[in-house]
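Here's an informal walk through one protein chain, for anyone who likes to have the model open while reading. Have a look at the fold, and then let's go through some of its details together.

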Amino acid sequence: MPELVFFSGTMDCGKSTLALQIEHNRSARGLEGMIFARDDRAGAGKLSSRLGLVTEAIEVADELDFYAHLVDHLSQGGRADYVIVDEAQFLAPEQIDQLARVVDDLGLDVFAFGITTDFRTKLFPGSQRLVELADRIEVLQVEALCWCGARATHNARTVGGHMVVEGAQVVVGDVNQAADEVGYEVLCRRHHRRRMTAAAAHASALSPDVLPLDSDAVGTLEPS
């Protein structure tokens, strides 16, 4: 039976790499897929991995109707055996409904890849609708790591290495950005709550320790 599958994980955990691997495996068996992406790091009309792999994709616009697009493609003699959608968190809820209809009415597998929550730990509308509608949700097993070595579970937005918690939900950026650019860093929950990025932790480690002083001892000190 065809499925709507949501592959979820933090940034830097291999979602796009897995999307490309699924495309490779299926195309190697003679199947043809339609690949969609939005705001990819490699530019419009691309699906890319941080490992350097890249393929062509259809750039998703706000007005794109997935179901109508597939019906038009198939009615003109085109072929589509499956659908891959990367950065699905950026989709509108109604576009997720369209993907579900592609599965139910056209009988195609749809593989959607995306981040579940934003930099404020709030659900993206597209991801929320995927959680509500997906036949299956797969949490990627390649764990991204916080700077402390613990499993990273949250995405932090940074400016100059410092975590920010206000701003628009969608601001395109990536990990390992230049210091003066908007970037992102994956953190464990503890350090996300404390707003402690790798840069902040390094600055804290360089600060001189303040030794606790006993008040009675202080009173007995004599000037030299």
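What follows covers a sheet, a surface patch, a pair of cysteines and some salt bridges. Keep in mind that this is a predicted model.

**The sheet**

Let's start with an open sheet of three strands, in the order β10-β9-β11, where the pairing is antiparallel. β10 (162-164) and β11 (182-187) sit at the edges, each with a pairing partner on one side only. On average, neighbouring strands here are turned by 50° against each other, ignoring direction. Zooming in on one pairing, β9 (residues 154-159) runs antiparallel to β10 and is joined to β10 by three bridges. If you want a spot to click on, try Val159, which stands opposite His162 in β10.

**A greasy spot on the surface**

Val131, Ile137 and Val139 together make a nonpolar surface patch of about 230 Å². Of these residues, Val131 belongs to helix α4 (residues 125-133). Val131 has a relative accessibility of 41%, so it counts as partly exposed.

**Two cysteines that don't bond**

How many disulfides are there? The count is zero. Cys146 is worth a look all the same: the nearest cysteine sulfur is that of Cys148, 3.7 Å away, and Cys146 is in no disulfide. Why is there no bond between Cys148 and Cys146? A disulfide needs the two sulfur atoms within 2.5 Å, so the 3.7 Å from the sulfur of Cys148 to that of Cys146 is too far for a bond. As for their surroundings, Cys146 is buried, at 4% relative accessible area, whereas Cys148 is partly exposed, at 32%.

**Salt bridges**

Side chains of opposite charge can pair when their charged atoms come close. In this structure there are eleven salt bridges. Here are some of them, with the N to O distance for each:

| Pair | N to O distance |
|---|---|
| Arg79 and Glu32 | 3.9 Å |
| Arg38 and Asp62 | 2.6 Å |
| Asp105 and Arg101 | 3.0 Å |

Arg79 and Glu32 form a salt bridge that ties together distant parts of the chain, 47 residues apart: Arg79 is in the loop between α2 (66-75) and β6 (82-85), and Glu32 is in the loop between α1 (15-27) and β2 (33-37). Arg79 is partly exposed, with 40% relative accessible area, and Glu32 is partly exposed too, with 39%.

Arg38 and Asp62 also form a salt bridge, and this pair links distant parts of the chain as well, with their positions 24 residues apart: Arg38 lies in the loop between β2 and β3 (46-48), while Asp62 lies in the loop between β5 (58-59) and α2. Is Arg38 buried or exposed? Arg38 is buried, at 15% relative accessible area. Its partner Asp62, on the other hand, counts as exposed, at 56%.

The salt bridge between Asp105 and Arg101 is a local affair within helix α3 (residues 93-106): the two are four residues apart, which means they are separated by about one helical turn. Both have some access to the surroundings, since Asp105 is partly exposed at 47% relative accessibility and Arg101 is partly exposed at 43%.

Finally, have a look at Glu3, Arg136 and Glu138, which are linked in a network of salt bridges.

Notes:
Residues numbered from 1 in each chain as written. Predicted model: local features only at pLDDT ≥ 70, side-chain atom pairs only at ≥ 80, totals over all residues. Heavy atoms only, no water. Pairing = 2+ DSSP bridges. Axes fitted to C-alpha atoms, helices over the stretch in contact; angles between N-to-C directions. Patch = residues over 30% accessible without salt bridge, like charges linked within 9 Å, V, L, I, M, F, W, Y side chains within 5 Å. Areas by Shrake-Rupley, 256 points an atom, 1.4 Å probe, with all protein chains shown as cover. Salt bridge = Lys/Arg side-chain N within 4 Å of Asp/Glu carboxyl O. Buried < 20%, exposed > 50% of the residue type's maximum accessible area, 1.4 Å probe, protein only.
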